[in-house]
Amino acid sequence: TTVDCQPSGLARVADWCPTLSQVGGLGDVVTSLSRAVQDLGHNVDIILPKYDCMNLSNVKDFQFHRSYSWDRTEVKVWTGKVEGLSVYFLEPQNGLFWKGCIYGCKNDAERFGFFCHAALEFLLQSGLHPDILHCHDWSSAPVSWLFKDHYMHYGLSKVRVVFTIHNLEFGAQLIGKAMAYSDKATTVSHTYSKEVSKNPIIAPQLHKFHGILNGIDPDIWDPYNDKFIPIPYSSENVVEGKRAAKEALQQRLGLKKSDLPLVGIITRLTVQKGIHLIKHAIWRTLERNGQVVLLGSAPDPRIQSEFVNLANQLHSSHNDRARLILTYDEPLSHLIYAGADFILVPSIFEPCGLTQLTAMRFGSIPVVRKTGGLYDTVFDVDHDGGRAQEQGLEPNGFSFDGADPPGVDYALNRAISMWYDERDRFNFLCKRAMEQDWSWNRPALDYMELYHACHK
Ligand code: ADP
């Protein structure tokens with residue numbers, strides 16, 4: 001990402017955008033942070049590879065912009081608008097991004113290294129002089145050292161580089177080098193920044209390392225204006241809106257249409273996300289006579305087939321109360337966020353987590369493990385009143401500490417019991433969660449402060 005602190009020229013180097021191709025939460029963050037910074041009056045441009053597997057139907061005014069030569073190949077540049085943001089798509093004619101995939105090709109390092117170089121070359125050759133280049137995770141890490149070693153001396157001298165770690169699990173070696181070469185480094189919540197502070201990659205860089213929480217885009221996630229749910233609702237008619245959404249969800253998935261506590265899970269199925277706790281929670285919810293809907297997909301085929309087996313088992317033993325949809329389906333995710341009573345996020349570690357924030361935006365109650373950004377955004381109704389108050393908030397969910405079944409049971413049982421025994425209190429909690437502001441309003445200001453500090 002490149003950012004311009006005056007309204008004149010900002011560009012962002014990222015690897016992808018959610019409406020084009022979605023492989024996790026990073027695309028949501030790049031889009032919604034960019035929109036928030038743009039709304040504050042700054043210019044933002046996003047630079048992405050033009051993957052052959054992108055869905056370009058969501059790009060407005062898509063057109064050829066120019067081409068240039070780099071490393072003995074022609075790079076075609078296309079432009080367009082995504083969610084109101086200007087995006088440049090770089091398409092090297094050597095075919096590096098014509099692989100039918102985004103990550104997971106054998107030569108990822110070579111592909112993204114080329115992209116970073118080509119992006120800087122594009123800035124230079126186009127005369128774009130942003131104030132900030134904001135790079136996200138390992139795939140844009142090389143920008144920081146290519147910039148400091150080369151491009152800074154070629155006329156882009158006013159640019160400062162900010163590097164954000166979205167997940168230290170991916171590309172840690174590159175991340176350490178990128179931090180060393182950046183003017184500032186961030187990660188996506190205060191608690192995660194503390195959790196990783198002793199990591200040998202992070203420890204030497206603590207003087208320039210900050211935790212800034214991610215937000216969600218309240219226009220993209222808005223139950224009052226959402227074509228995938230049956231009736232628009234706000235906190236004023238949350239009970240009615242969620243009842244209609246639950247019925248529509250049950251109808252669509254062929255679940256029994258009765259008023260039972262419904263637990264939703266929307267996740268990549270990886271070890272990080274607490275797979276064993278997810279499985280346990282499914283059985284626990286069924287024991288408590290609840291319904292469960294899981295929407296998830298596993299990059300690892302072994303994990304995917306484990307869940308296919310579990311789905312087959314549950315769809316025969318509990319056909320009216322459990323549904324596992326093992327694919328990526330954003331429209332369905334909207335209906336689950338709206339129709340569920342609870343959204344479970346039992347991650348082993350979680351740099352920020354968007355699922356719990358989106359859940360609250362739809363008036364669903366998060367049930368989470370206390371780690372990283374989940375700790376910073378979910379405040380347990382029984383334990384975290386004081387901690388919430390320090391943030392000017394009130395409790396909004398249920399949480400647990402351990403990484404074992406009794407831990408998840410502790411939070412889930414209290415959540416389901418509140419639904420059965422104290423429905424008014426539960427409904428009030430939904431309304432309260434909906435009214436909390438988890439947008440970029442606050443975090444975007446924190447980023448602006450950081451961008452300005454780079455130039456001091
Ligand atoms: P991560 O980036 O580690 O996957 P986050 O919580 O930050 O986790 O972001 C996950 C995002 O991806 C959320 O917006 C969630 O709704 C979405 N998501 C995850 N799995 C699916 C799926 N199978 N179908 C639709 N959306 C999904």
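## Exercises on a parallel sheet

Six strands make up an open sheet, ordered β13-β12-β11-β14-β15-β16, with parallel pairing. The model is predicted, so treat each exercise as a reading of that model.

**Exercise 1.** Work out which strands stand at the edges of the sheet.

*Solution.* Start from the strand order, β13-β12-β11-β14-β15-β16. β13 (322–325) and β16 (398–400) each have a single partner strand, so one side of each lacks a neighbour in the sheet. From one strand to the next, the twist averages 15°.

**Exercise 2.** Find how many bridges join β15 to β16, and the bridge partner of Val 367.

*Solution.* Take β15, residues 365–369: three bridges link this strand to β16, and the two run parallel. Next, look at Val 367, whose bridge partner in β16 is Phe 398.

**Exercise 3.** Identify the strands that helices α7 and α8 lie across or touch.

*Solution.* Begin with α7 (residues 275–287): this helix lies across β11 (262–268), β12 (291–297), β13 and β14 (342–345), at about 160° to β12. Then turn to α8 (residues 301–317), which packs on the sheet and touches β12 and β13. The direction of α8 makes about 155° with that of β13.

**Exercise 4.** Decide whether the radius of gyration agrees with that of a compact globule.

*Solution.* For 456 residues, a compact globule would come out near 23 Å. The protein has 22 Å, which agrees. As further context, buried residues make up 50% of the 456, and 67% of the contacts with a separation of 6 or more are between residues 24 or more positions apart.

Key:
Residues are numbered from 1 along each chain as its sequence is written. This is a predicted model: local features need pLDDT of at least 70, side-chain atom pairs count only at pLDDT 80 or more; totals for chains, interfaces and linings use all residues. Two strands pair if DSSP finds at least two bridges between them. Helices (H or I, at least four residues) and strands (E, at least two) are DSSP runs, numbered from the N terminus. Axes are lines fitted to C-alpha atoms, for helices over the stretch in contact, and angles run from 0 to 180 degrees between N-to-C directions. Two residues are in contact if their C-beta atoms, placed from the backbone, lie within 7 Å. The radius of gyration is taken over C-alpha atoms; the globule rule is 2.2 Å times the number of residues to the power 0.38. A residue is buried if 20 or more other C-beta atoms lie within 10 Å of its own, exposed if 12 or fewer, and partly exposed in between; C-beta atoms are placed from the backbone.
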